[in-house]
Amino acid sequence: MTHDQTRSEPVVGNTVAPRKPLSPQAQRALAEAEERRTRAAQDYSSRAKEVQGPKGLEPTRYGDWEHKGLCSDF
């Protein structure tokens, strides 16, 4: 699905205002971004799942190790 197909047209009053056509560079950038998203989703789904890891949020999400509400720096 291309970006042109998903764009909603702006509504002005009761009429739909036409959008300017996308430049070739913008169309290419949108296609490249869609390809990156597809590739990232495939890479993520092919990763092995963590076994016996921490439950809930990642404990190192702030750059510190968090365990039971207490943080310690590495």
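**Two helices, four strands and a pair of salt bridges**

The protein has two helices and four strands. Keep in mind that this is a predicted model. Start at the N terminus and read along. The order of the elements is α-β-β-α-β-β.

How sure is the predictor? The mean pLDDT of the protein is 77. A score of at least 70 is reached by 73% of the residues. Now go element by element. Helix α1, residues 3-6, has the lowest mean pLDDT of the elements, at 50. Helix α2 has the highest, at 91. So treat helix α1 with care, because pLDDT is the predictor's confidence in each residue.

Next, the surface. The protein has 74 residues, and 5% of them are buried. About 7,000 Å² is exposed. Carbon and sulfur atoms supply 54% of that area.

Now the charged side chains. Side chains of opposite charge can pair when their charged atoms come close. How many salt bridges does the count come to? Two. Let's take them in turn.

Here is one of them. Arg 37 forms a salt bridge with Glu 34. Their closest N and O atoms are 2.9 Å apart. Where do these two residues lie? Both are in helix α2, which covers residues 24-46. They are three residues apart, about one turn of the helix.

Is Arg 37 buried or exposed? Arg 37 counts as exposed, because its relative accessibility is 51% and the cut-off for exposed is over 50%. Its partner, Glu 34, is partly exposed, at 35% relative accessible area.

On to the other bridge. Here the side chains of Glu 35 and Arg 39 meet, at 3.3 Å from N to O. That is a salt bridge because the distance is within 4 Å. Glu 35 and Arg 39 are four residues apart in helix α2, so about one helical turn separates them.

What about their exposure? Glu 35 has a relative accessible area of 48%, so this residue is partly exposed. Arg 39 is also partly exposed, with 42%.

To wrap up: the count is two salt bridges. Arg 37 pairs with Glu 34, and Glu 35 pairs with Arg 39. Thank you.

Notes
Residues are numbered from 1 along each chain as its sequence is written. This is a predicted model: local features need pLDDT of at least 70, side-chain atom pairs count only at pLDDT 80 or more; totals for chains, interfaces and linings use all residues. Side-chain values use heavy atoms; hydrogens and water are left out. Buried means under 20% relative accessible area, exposed over 50%, partly exposed in between (1.4 Å probe, protein chains only). Accessible areas come from the Shrake-Rupley method with a 1.4 Å probe; for residues, only the protein chains shown count as cover. pLDDT is the predictor's confidence in each residue, from 0 to 100.
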